[in-house]
Amino acid sequence: MNQQPASRYDSFSQVLHWVTAITVTVAFILGPGGFGRLMRQGVDPATRSDIVWHESLGILVLVLTLLRLAWMALRPAAPQFQMARWMHLAAKLVRIALWVLLLALPVTAFLALGSEGHPLTLLGGIRIDRMPFIAESRVAGLADWGDVHQFLGDSIMWLAGLHAVAAIVHHVALKDGVLMAMLPRGKSRY
C-alpha cells in the first residue's frame with residue numbers, strides 16, 4: 001500500500017478508531033459493579049441486560065482490536081507531525097498502553113469469568129456456562145481477575161481521556177493537525 005506519510009489517517013482507520021472508542025466507553029458505562037457479588041448471590045447474568053451488553057461489547061472490543069492490529073500492517077502510512085521529541089515519546093507510550101489495555105481487558109474478563117465459574121452471556125441468547133480450560137489453568141488462581149479487570153477498565157478510561165485532552169490541545173493550542181488527522185473530511189468550523 002501507499003507508504004508516503006499523509007496528513008490524515010485513512011477512512012477505515014478512522015472508523016475503526018471511533019467505533020472502538022465508543023464501544024469501550026459504552027462497555028465501561030454498562031460494566032456492572034459488584035458482578036462477582038451478584039453471581040455469588042445467585043443472580044443469573046442472562047437476566048441482567050447491563051451484563052449481557054457489557055460482555056457482548058467486550059467481545060466486540062476484542063474483535064475490533066484484532067482487526068485494527070491487522071489493518072495497521074496493511075494500511076497506508078500513518079500521518080507524521082512535527083512536534084517536540086518528548087511529545088512523540090509521550091504519544092508513543094500512551095498508544096502502546098492503550099493497545100495493551102485493549103488486549104488485556106478481554107483477557108482479564110475471560111480469566112475472571114472462568115476462574116470464578118461465571119457464565120459468559122451474550123446478545124442473542126448465546127451463553128457459555130463453563131470455561132474449564134481457564135478454571136483449571138495455573139493462571140486462574142494468581143489474582144482476583146475481576147478486580148484486575150475493573151482496575152484496567154478504569155485505567156483505559158483515564159488514559160483515553162488523557163489521549164483526548166492531548167488531541168484537543170494539539171488542535172486548539174498547537175494547531176498542528178493531529179486531531180484533524182483522525183476526523184472525517186468535512187468543513188471545519190475552526
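**Exercise 1. Surface and overall build**

What does the accessible surface of the chain come to, and what percentage of it belongs to carbon and sulfur atoms? Describe the overall build of the chain as well.

Solution. The model is a predicted one, and its chain has an accessible surface of about 11,900 Å², with 67% of that area belonging to carbon and sulfur atoms. Turning from the surface to the interior, 34% of the 190 residues count as buried. The C-alpha atoms, taken along the principal axes, fill a box of roughly 55 × 30 × 30 Å. Within that box the secondary structure comes to six helices and two strands, which follow one another along the sequence in the pattern α-α-α-α-β-β-α-α. As a last step, consider the contacts between residues at least 6 apart in sequence: 75% of them join residues at least 24 apart.

**Exercise 2. An aromatic pair**

Find the aromatic pair in the structure, classify its geometry, and state how accessible each partner is.

Solution. A search of the whole structure finds one aromatic pair. The ring centres of F12 and W71 lie 5.2 Å apart, and the planes stand at 85 degrees, which is over the 60 degrees required, so the pair is classed as edge-to-face. Next comes the placement of the partners: F12 belongs to helix α1 (residues 11-30) and W71 to helix α3 (residues 49-74), so the pair ties together parts that are 59 residues apart in sequence. For accessibility, W71 has a relative value of 18%, which is under the 20% limit, and therefore counts as buried. F12, at 38%, falls between 20% and 50% and therefore counts as partly exposed.

**Exercise 3. A nonpolar patch**

Identify the residues of the nonpolar surface patch and the helix that gives the most to the patch.

Solution. The patch covers about 300 Å² and is made by L66, L69, M72 and L103. Helix α3 gives the most to this patch, with three residues, while L103 lies in helix α4 (residues 85-116). With a relative accessible area of 31%, L103 is partly exposed, and this value also satisfies the requirement of over 30% for patch residues.

**Exercise 4. A residue of helix α4**

Is K92 buried or partly exposed, and how many Å lie between K92 and G58, C-alpha to C-alpha?

Solution. K92 is located in helix α4, and its relative accessibility of 48% makes it partly exposed, because the value stays within the range from 20% to 50%. Along the sequence K92 and G58 are 34 residues apart, and in space their C-alpha atoms are 25 Å apart.

Notes
Residues are numbered from 1 along each chain as its sequence is written. This is a predicted model: local features need pLDDT of at least 70, side-chain atom pairs count only at pLDDT 80 or more; totals for chains, interfaces and linings use all residues. Side-chain values use heavy atoms; hydrogens and water are left out. Rings of Phe, Tyr and Trp (its six-membered ring) pair if their centres lie within 6.5 Å; planes under 30 degrees apart count as stacked, over 60 as edge-to-face and the rest as tilted. Helices (H or I, at least four residues) and strands (E, at least two) are DSSP runs, numbered from the N terminus. Buried means under 20% relative accessible area, exposed over 50%, partly exposed in between (1.4 Å probe, protein chains only). Patches are made of residues with over 30% relative accessible area and no salt bridge: like charges are joined within 9 Å, nonpolar side chains (Val, Leu, Ile, Met, Phe, Trp, Tyr) within 5 Å. Accessible areas come from the Shrake-Rupley method with a 1.4 Å probe; for residues, only the protein chains shown count as cover. A salt bridge is a side-chain nitrogen of Lys or Arg within 4 Å of a carboxyl oxygen of Asp or Glu. Contact means heavy atoms within 4.5 Å.
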